[in-house]
Amino acid sequence: MDAIVNQVKENHINQFGQVAQVYRSPGRINIIGEHTDYNDGFVLPGAIDRYVYVGISKRSDKTIKLYSVNFEETIVSAIDRLEVQSAQWASYVLGVCQLMAKELPHGFEMTIYGDIPVGAGLSSSAALESAIGYGLNELFDLKYNRMQLAKIGQQCEHQFIGVRCGIMDQFASLHGIENKVMKLDCRSLDYTYFPLELGAYEFVLLNTKVSHSLASTAYNDRRAQCESAVARLQVRYPHVQSLRDASVEMLNDAVPDQKEQSYIKARFVIEEIQRVSMVCDFLQAGNLEAVGKEMYATHQGLKEMYQVSCEELDYLVDAVQDFPEVLGARMMGGGFGGCTLNLVKTSFVDEMIAKVSAGYQTTFGIALESYVVRLSHGTAPVS
Ligand code: GLA
């Protein structure tokens, strides 16, 4: 058995004296399609080989006991009195429980461990929500399907964490398949798997190791700006339900002042939705140069139009832009920190990391971290 699974089981026995069933759920990358999910657009994520593990055992009463290996903290709560906790990791658990509470027949003990870097834009929180939802669903035989569990995780963010996120992260964590990315239509929730065949190239993550505060407020603000653009569009085009239904021409018509923030934000989203379809075609045709160009275009848009980048992310994208072995780079996820995603020639990966790390250390005094991405399987039992 996996050493991490053993560690979770041992911790569970030490904390609670019970044998745990262990489940794990992965983090995710997103090739393209940023801030498109809550606009009913498309995204192209894949699950990665970094996980949150939860070990669970049933209790016969209504008590919930939680232990975080990473934080070395224990929290006790009652199923009928679940409250937001000052320890955020516990709020995720109790939030998911609250959303499932009517169906939970008993309490439980849960041990949690994760090796997804927190705040790196790799969706450690969605992985946590997905692992908890999946584990409780299995243990108590609640009969939710994976998409319903993704929606529970998303609702947990909305109601208990205060981030009005889209469905991408929880979807990706729950639906991943090895070596495949998923094109998800965030309106119909239909999805297709694509093999990721990169030949002499691979995706590498460079972690800024910063996560600027106020990111959740800024995220909700962006979502509100998109909604206000939709309201403007609806005046002229009543059928428009979301930015998915709009073209740049329609936006020009409905919001003639192109300096307005709702114009700029909406224009980014409309263009980004188009980029997802283009990148899928380029990937299928094996045209990685074209994929890379769109990644750079996304970064430019996220930086200048959507304004969710930061100087550390911009530094890392600028630093690789002139290497011919790097086909594309961009910030990934919600923004204001976390990782850049880089499409790099395999033979150049070490050299790129060494070169960029030295400059990053000198400029920001931070030791860069990097990860080569392997696409992995979604949420599953592991013991
Ligand atoms: C965060 C959210 C997602 C998505 C991305 C941006 O990761 O949780 O729903 O909106 O930001 O693409």
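1. Is Ser262 buried or exposed? In this predicted model, Ser262 has a relative accessibility of 8%, and because buried means under 20% relative accessible area, Ser262 counts as buried. The residue lies in helix α8, and, if residues up to four places away in sequence are not counted, Ser262 touches Gln225, Ser228, Ala229 and Arg232.

2. Helix α8 itself deserves a short check of its length. With 25 residues at 1.5 Å a residue, α8 should span 36 Å, and its end C-alpha atoms are indeed 36 Å apart, so the expected and computed values agree. The helix is followed by Gly286, a residue whose phi is positive, near 70°.

3. The domain assignment divides the protein chain into domain 1 (2-197 + 377-381) and domain 2 (201-372). The centres of domain 1 and domain 2, when taken over C-alpha atoms, are separated by 25 Å, and the contact takes 34 residues from domain 1 and 43 residues from domain 2.

4. The largest nonpolar core has 130 residues, and the residues with the most contacts inside this core are Leu44, Leu66, Phe108, Met110, Leu136 and Met352. Helix α8 (residues 261-285) supplies the largest share of the core, namely 11 residues. Where does this core lie with respect to domain 1 and domain 2? Both domains give residues to the core, and therefore it lies between them.

5. Leu44 makes a useful example of a residue from that core, since its list of contacts can be followed in the structure. Not counting residues up to four places away in sequence, Leu44 touches Asn30, Ile31 and Ile32, then Val181, Met182, Lys183 and Phe194, and also Val276, Val279, Cys280 and Leu283. A second core, separate from the largest one, has 10 residues and includes Val8, Tyr51, Tyr67 and Val69.

6. Which residues are found around the ligand? They are Arg28, Glu34, His35, Asp37, Tyr38, Cys165, Gly166, Met168, Asp169, Tyr219, Gly333 and Gly334. Polar atoms of the protein can be paired with oxygen atoms of the ligand at several of these residues, as follows. In Arg28, a polar side-chain atom lies 3.2 Å from a ligand oxygen atom, while in Asp169 an N or O atom of the side chain is 2.6 Å from an oxygen atom of the ligand. For Gly166 the pairing uses the backbone, where an N or O atom lies 2.9 Å from an oxygen atom of the ligand.

7. Helix α5 is mostly covered, with seven of its eight residues buried, and these buried residues are Met168, Gln170, Phe171, Ala172, Ser173, Leu174 and His175. His175 belongs to this helix, which runs over residues 168-175, and a relative accessibility of 5% is why His175 counts as buried. A polar atom of the His175 side chain lies 2.8 Å from the backbone oxygen of Phe171. Leaving out residues up to four places away in sequence, His175 touches Arg146, Met147, Met182, Tyr191 and Tyr193.

8. Gly328 is placed in strand β10 (residues 326-331) and is buried, with a relative accessible area of 0%. What is the separation between the C-alpha atoms of Gly328 and Gly292? Although the two glycines are 36 residues apart along the chain, their C-alpha atoms are separated by 3.6 Å. Apart from neighbours within four places in sequence, Gly328 is in contact with Gly292, Met295, Tyr296, Leu341, Asn342 and Leu343.

9. In helix α10 (residues 311-321), the buried residues are Glu312, Leu313, Asp314, Leu316, Val317 and Val320. A general point helps in reading such a list: an α-helix has 3.6 residues a turn, so residues three or four places apart point the same way. The buried residues of α10 pack against the strands β9 (201-211), β10 and β11 (337-345), and also against the helices α9 (288-304) and α11 (349-364).

10. A last point concerns a loop residue. Ala246 lies in the loop between α6 (215-236) and α7 (248-254), and Ala246 is buried, with a relative accessible area of 12%. The C-alpha atoms of Ala246 and Leu233 are separated by 7.9 Å, and the two residues are 13 residues apart along the chain. When neighbours within four places in sequence are left aside, Ala246 is in contact with Leu233 and Ile270.

Technical notes. Residues numbered from 1 in each chain as written. Predicted model: local features only at pLDDT ≥ 70, side-chain atom pairs only at ≥ 80, totals over all residues. Heavy atoms only, no water. Core = buried A, V, L, I, M, F, W, Y, C linked by side-chain atoms within 4.5 Å. Buried < 20%, exposed > 50% of the residue type's maximum accessible area, 1.4 Å probe, protein only. Helix = DSSP H or I, 4+ residues; strand = E, 2+ residues; numbered from the N terminus. Domains from an automatic or database assignment. Contact = heavy atoms within 4.5 Å. Expected span 1.5 Å × (residues − 1). Near = heavy atom within 4 Å. Polar contact = N/O pair within 3.5 Å; in protein donor to acceptor, adjacent residues only side chain to side chain.
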